[in-house]
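Student: Can we go through this one slowly? I'd like to know what stands behind each label before I trust it.

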Amino acid sequence: MTRKRPVILVGMAAGLIWGLVLLRFGPPLWYGPDDIALPMAVFPPGIVLLAMIGRLAQRRFFDNAIIDGQPFAPNSAASNDQKVLNNTAEQIVLALCIWPLAAQVHGPGVAVALGVGFAFARIAFWVGYHVSPPLRGFGFAATFYPTILAGISAVAGLLV
């Protein structure tokens, strides 16, 4: 076993714990009107997505080798940013499919907590990718697991 797997495994476990804490303690922090909870939930992830897109645009603008839309060099910082952006877009689509039901079943604070937690976790994913790719495990798990847990919890809530 390589040394990378234990680091990734610890990050995944921490991401699962993050999700449990987020779902348990995050929702009561929302005191806003119910009708803006879902827009408020997706706003923080949107800001992070905006930063990622902007960073790639900035990289292209200042690098003659990629200014015309050429592919990024494998394993370059720009290539890593593209991977982070792609995964973030995938995670946002998944979230948009699950968070509304979770908010209906468990209250609007769930969605807001998920959105704020998502933004912080995606930044951790992005930074982790640049520092050492195995460190991205936490950021991935801390966005994926809370969404999955919210979905499972919502379905369970409907069945009870």
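Tutor: Sure, and let's begin with burial: buried means under 20% relative accessible area, exposed over 50%, and partly exposed in between, using a 1.4 Å probe and protein chains only. Keep in mind that this is a predicted model, where local features need pLDDT of at least 70, side-chain atom pairs count only at pLDDT 80 or more, and totals for chains, interfaces and linings use all residues. Residues are numbered from 1 along each chain as its sequence is written, and side-chain values use heavy atoms, with hydrogens and water left out.

Student: Then why is Ala102 called buried?

Tutor: Its relative accessible area is 0%, and the cut-off is under 20%, so Ala102 is buried. Ala102 sits in helix H3.

Student: What makes a stretch a helix here?

Tutor: Helices are DSSP runs of H or I with at least four residues, strands are runs of E with at least two, and both are numbered from the N terminus. By that count the protein chain has five helices and zero strands, giving the pattern α-α-α-α-α along the sequence.

Student: Which residues is Ala102 in contact with, its close sequence neighbours aside?

Tutor: Contact means heavy atoms within 4.5 Å. Leaving aside neighbours within four places in sequence, Ala102 has Gly107, Val110, Ala150 and Ala154 as contacts. There's also Ser153: 51 residues from Ala102 in sequence, with 7.4 Å between the C-alpha atoms.

Student: What share of the contacts in the whole chain join residues at least 24 apart?

Tutor: Counting contacts between residues at least 6 apart in sequence, 75% do. As for burial, 38% of the 160 residues of the protein chain count as buried.

Student: How do you know that Thr143 is buried or exposed?

Tutor: Thr143 has a relative accessible area of 1%; set that against the under 20% limit, and buried is the verdict. Thr143 belongs to helix H5, residues 136-159, and touches Gln91, Phe118, Ala121 and Arg122, not counting residues up to four places away.

Student: What makes the pairing of Thr143 with the backbone oxygen of Phe140 a polar contact?

Tutor: A polar contact is a pair of N or O atoms within 3.5 Å; within protein, one must be able to donate a hydrogen and the other to accept it, and residues adjacent in sequence count only if both atoms are side-chain atoms. That oxygen lies 2.9 Å from a polar atom of the Thr143 side chain, so the distance is within the limit.

Student: And Asn87, buried or exposed?

Tutor: Buried, because 13% relative accessibility is under 20%. Asn87 is in helix H3, and beyond four places in sequence it is in contact with Arg122, Phe125 and Phe140.

Student: Why is Asn75 called exposed?

Tutor: Asn75 comes in at 63% relative accessibility, and exposed starts over 50%, so the label is exposed. Asn75 is in the loop between helix H2 (37-62) and helix H3 (77-106).

Student: What is unusual about the phi of Asn75?

Tutor: Most residues other than glycine have a negative phi. Asn75 is not a glycine, yet its phi is positive, about 60 degrees. Gly107, just after H3, also has a positive phi, about 105 degrees.

Student: How do you know that H3 has a kink, and where is it?

Tutor: The bend at a residue is the angle between axes fitted to the seven residues ending there and the seven starting there. At Ile98 in H3 there is a kink of about 30 degrees, shortly before the proline Pro100.

Student: How do Gly26 and Ile36 score on burial?

Tutor: Gly26, at 12%, is under 20%, so buried. Ile36, at 35%, falls between the 20% and 50% limits, so partly exposed. Gly26 is in the loop between helix H1 (4-25) and H2, and Ile36 is in the loop between H1 and H2 too.

Student: Which residue 84 places from Gly26 lies 6.9 Å away?

Tutor: Val110, C-alpha to C-alpha. For Ile36 and Pro108, 72 residues apart along the chain, the C-alpha separation is 8.7 Å.
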